[in-house]
Amino acid sequence: MTPYGMVSVVVIALSTAVIVGAAGLITLRLLARYSLVLQLLVVALATVVSVVSGMAAAASLMYVSAHDLTVFYFVAAAAGSVSLAMAGLLGRWIVRDSQYLTLAAASLGRGEPVASAERHSNNEFAALAGQLAATGERLQESRDREGRIEASRRELVAWISHDLRTPLAGIRAMAEALEDDMVEDPSRYYSQIRSQVDRLNGMVDDLFELSRIQTGTLRLTQETVALYDLISDTVADLGPVARAKSLDLRFEGAMGLSILADPRELSRAVGNLVMNAVQQSAPGSAIVVAVTEHADGRAAISVQDAAGGIDPADLPRVFDAGWRGSEPRTPDADLVHGRAGLGLAIVAGIVAAHQGEVTVRNIPGGCRFDVLLPRHAEAVPA
């Protein structure tokens, strides 16, 4: 075939392909609201028709016999049938994946878990399905976390309301008795009123501290702190409280261990842990506060009591604001002594602000709280 003839064949084939392609695009536009399977069949059919029409138009230039052209039509029909079948099958697979993704999106909207399909038509759909499943898991975790936070908030409000009502009722009763001049020893009532006011002041102080922690406004004033001096002073301050309950409060500290920390906030965290142990422990038992260097180089402050341990089901919630155990660990223990269950939540917030971690675990006869703090770390918002 001459160069002119070859160019003519190319022009004819290109022209027919453009015409058939334009007709196919118009058809696809008209079928925009129909199934994807039908659209894929139109694409496959347009491809076959484009090839056949181009060959038919160029047959006159190629001097193809009628017999050979008929054979070509049969071959094209067979190949076209297979192509249409493959397009239909692919369309069904894609539609199946599309239906799965639609159901998965609906499940996400309803807050239900997304079940991952076993097979997908291509890697793109598989990746998208995997992302949807992972997103569903993260959303479920977020909903669970929000549920726990909301439940904790409700408990906190309930406990605070209860704990505020008790001292306020006592103060009102004593004030009315003093007003009615029905008290033989007014000085005793004045002392009791002041004690109740101190109790209320401590609760308000705890609420303010927890608010700063939860809103991220807690700011640390860091300096080099000798743990031996800080912990020994804290234990000495709480010594009279422990002795009043006949408790053996001991401090075992490592000399020379220093960290970069806010001494006021860290002292408060350790004091809360020691006070929690004091309130939980039965008379005659021991409380051991120790300072050591952890295997990973962090400073470790531990508070160990012999108050019977914590119910394993309660361990994950120990540091939740407002949490109170299902029952006291010792018969005469008052878990929070009117402090609305905020002490351990404040400990967790202060330790987190120091880029540390606090853990609790049961040991034979009691439980142990461990505060792990980096030796030198920049402060971060709680």
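In the predicted model, the axes of helix α4 (residues 123–179) and helix α5 (residues 186–215) come within 10 Å and cross at roughly 160°. Because angles over 145 degrees count as roughly antiparallel, α4 is described as roughly antiparallel to α5, and the crossing in which α4 passes α5 is left-handed. The contact between the two helices involves, on the side of α4, residues including Leu156, Ile160, Leu164, Leu168, Ile171 and Leu178, and these meet a set in α5 that includes Tyr189, Tyr190, Ile193, Val197, Leu200, Met203 and Leu207. Polar and charged side chains also take part in this contact, among them Asp163 and Thr166 in α4 and Gln192, Gln196 and Arg199 in α5. The loop between α4 and α5 contains Asp181, for which phi is near 55°, a positive value in a residue other than glycine. Most residues other than glycine have a negative phi. With a relative accessibility of 66%, Asp181 counts as exposed, because the limit for that class is over 50%.

Beyond this pair of helices, the protein chain as a whole holds eight helices and seven strands. Of its 382 residues, 37% are buried, and among the contacts with a separation of 6 or more, 71% are between residues 24 or more positions apart. A contact region at shorter sequence separation is found around Leu31, which lies in the loop between α1 (3–30) and α2 (36–62). Leu31 has a relative accessible area of 15% and is therefore buried, and, when neighbours within four places in sequence are left aside, Leu31 is in contact with Leu38, Gln39 and Val42. For the pair formed by Leu31 and Val42, a separation of 11 residues in sequence corresponds to 9.4 Å in space, taken from C-alpha to C-alpha.

Five strands form an open sheet of mixed pairing, in which the order is β2-β4-β5-β7-β6. The edges are occupied by β2 (248–253) and β6 (357–363), each of which pairs on one side only, and the twist from one strand to the next averages 15°. Helix α6 (residues 227–244) packs on this sheet and touches β2, β4 and β5, with its direction making about 175° with that of β2. Strands of a sheet pair through backbone hydrogen bonds, either parallel or antiparallel. Strands β4 (residues 286–293) and β5 (residues 299–304) run antiparallel and are joined by six bridges, and within this part of the sheet Val291 stands opposite Ile301 in β5. An antiparallel arrangement is also found for β6 and β7, between which there are seven bridges, with Asp370 in β7 as the bridge partner of Thr359. These two strands, β6 and β7, form a hairpin with two residues between them, and Gly365 in the turn has a positive phi of about 90°. A positive phi, of about 60°, is also found at Gln355, although this residue is not a glycine. Gln355 is placed in the loop between α8 and β6 and, with a relative accessible area of 39%, is partly exposed.

Two aromatic pairs are present in the structure. A pair of aromatic rings is described by the distance of the centres and the angle of the planes. For Tyr228 and Phe251, the ring centres are 5.4 Å apart and the planes stand at 50°, so this pair is classed as tilted. Since Tyr228 belongs to helix α6 and Phe251 to strand β2, the pair ties together parts that are 23 residues apart in sequence. Both members fall in the intermediate accessibility class, as Tyr228 is partly exposed at 30% relative accessibility and Phe251 is partly exposed with a relative accessible area of 21%. The pair of Phe319 and Phe369 is edge-to-face, with 6.0 Å from centre to centre and 85° between the planes. Phe319 lies in the loop between β5 and α8 (343–353), whereas Phe369 lies in strand β7 (residues 366–373), so that the pair ties together parts that are 50 residues apart in sequence. Both Phe319 and Phe369 are buried.

Conventions:
Residues are numbered from 1 along each chain as its sequence is written. This is a predicted model: local features need pLDDT of at least 70, side-chain atom pairs count only at pLDDT 80 or more; totals for chains, interfaces and linings use all residues. Side-chain values use heavy atoms; hydrogens and water are left out. Two strands pair if DSSP finds at least two bridges between them. Helices (H or I, at least four residues) and strands (E, at least two) are DSSP runs, numbered from the N terminus. Axes are lines fitted to C-alpha atoms, for helices over the stretch in contact, and angles run from 0 to 180 degrees between N-to-C directions. Contact means heavy atoms within 4.5 Å. Rings of Phe, Tyr and Trp (its six-membered ring) pair if their centres lie within 6.5 Å; planes under 30 degrees apart count as stacked, over 60 as edge-to-face and the rest as tilted. Buried means under 20% relative accessible area, exposed over 50%, partly exposed in between (1.4 Å probe, protein chains only). Angles under 35 degrees count as roughly parallel, over 145 as roughly antiparallel, 65 to 115 as roughly perpendicular and the rest as oblique. A crossing is left-handed if the near helix is turned anticlockwise from the far one by less than a right angle, and right-handed if clockwise.
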